[in-house]
Amino acid sequence: MKIKYVWCVKTHIVCDCEIITDEVRLFNYLGEAEKFFNNIVEEERKIANDKEWVIEYDDNRNFEAYEEGYYPHNHSCVNLFEIPIE
């Protein structure tokens, strides 16, 4: 049996100790997931740069930024990955 996949974009954003976004979105097509991922990352990258946060990861599948020394209080994580389904 051929394994099928869905594409997942997980977004977790915390600002001033408040969870702003904790979301999982599933997509049938990689292109749709990449577009969604890139739109969020573009906005979060701008915010991180404006606030002079540390950008730990920034590639085509992972973005993570946080305020140095205050990760639990202020951070942004966006991940794109595939999930096998039956």
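Start by selecting S1 and S2: these two strands pair in the antiparallel sense, with nine bridges between them. What you have open is a predicted model. To see one rung of this ladder, pick Ile-13 and then its bridge partner in S2, Thr-21.

**The turn between the two strands**

Next, click on Asp-16, which is in the loop between S1 and S2. Its phi is positive, about 50 degrees, although Asp-16 is not a glycine. Most residues other than glycine have a negative phi. Is Asp-16 buried or exposed? Asp-16 counts as exposed because its relative accessibility is 61%, and the cut-off for that word is over 50%.

**The whole sheet**

Now widen the selection to all five strands of the sheet. They form an open sheet in the order S2-S1-S5-S4-S3, with antiparallel pairing. Strand S2 (18-27) and strand S3 (54-58) are the edges, and each pairs on one side only. If you ignore direction, neighbouring strands of this sheet are turned by 15 degrees against each other on average.

Keep S5 highlighted and look at its two partners in turn:

- With S1, the pairing is antiparallel and runs over eleven bridges; here Thr-11 stands opposite Val-78 in S5.
- With S4, the pairing is again antiparallel, over five bridges; Asn-62 has Asn-79 in S5 as its bridge partner.

Strands of a sheet pair through backbone hydrogen bonds, so showing backbone atoms is a good way to view these ladders.

**The helix across the sheet**

Add H1 to the view. This helix lies across S1, S2, S3, S4 and S5, and it runs at about 165 degrees to S5.

Between which elements is Glu-52 placed? Select Glu-52 and you will find it in the loop between H1 and S3. Like the earlier loop stop, Glu-52 is not a glycine yet has a positive phi, here about 60 degrees. With a relative accessibility of 71%, Glu-52 counts as exposed.

**The nonpolar core**

Turn on side chains and look for the largest nonpolar core, which has 14 residues. Which of its members touch the most others? They are Val-9, Phe-27, Ala-33, Phe-37, Phe-63, Val-78 and Leu-80. At least two core residues come from each of strand S1 (4-15), helix H1 (30-50), strand S4 (62-66) and strand S5 (75-85). H1 gives the most, with six residues. In soluble globular proteins, nonpolar side chains tend to be buried together.

Centre the view on Val-9. Apart from neighbours within four places in sequence, Val-9 is in contact with Glu-23, Val-24, Arg-25, Phe-27, Ala-33, Phe-36, Phe-37, Val-78, Asn-79 and Leu-80. In that list you will recognise Phe-27, Ala-33, Phe-37, Val-78 and Leu-80 from the core.

**A buried serine**

For the last stop, select Ser-76, which lies in strand S5. Is Ser-76 buried or exposed? Ser-76 counts as buried because its relative accessibility is 0%, where buried means under 20%. Now show the side chain of Glu-44 as well: a polar contact of 3.0 Å joins it to the side chain of Ser-76. Leaving out residues up to four places away in sequence, Ser-76 touches His-12, Ile-13, Glu-44, Trp-53, Phe-63, Glu-64 and Ala-65. Two of these names have come up before: Ile-13 is the bridge partner of Thr-21 in S2, and Phe-63 belongs to the largest nonpolar core.

Conventions:
Residues numbered from 1 in each chain as written. Predicted model: local features only at pLDDT ≥ 70, side-chain atom pairs only at ≥ 80, totals over all residues. Heavy atoms only, no water. Core = buried A, V, L, I, M, F, W, Y, C linked by side-chain atoms within 4.5 Å. Buried < 20%, exposed > 50% of the residue type's maximum accessible area, 1.4 Å probe, protein only. Helix = DSSP H or I, 4+ residues; strand = E, 2+ residues; numbered from the N terminus. Contact = heavy atoms within 4.5 Å. Pairing = 2+ DSSP bridges. Axes fitted to C-alpha atoms, helices over the stretch in contact; angles between N-to-C directions. Polar contact = N/O pair within 3.5 Å; in protein donor to acceptor, adjacent residues only side chain to side chain.
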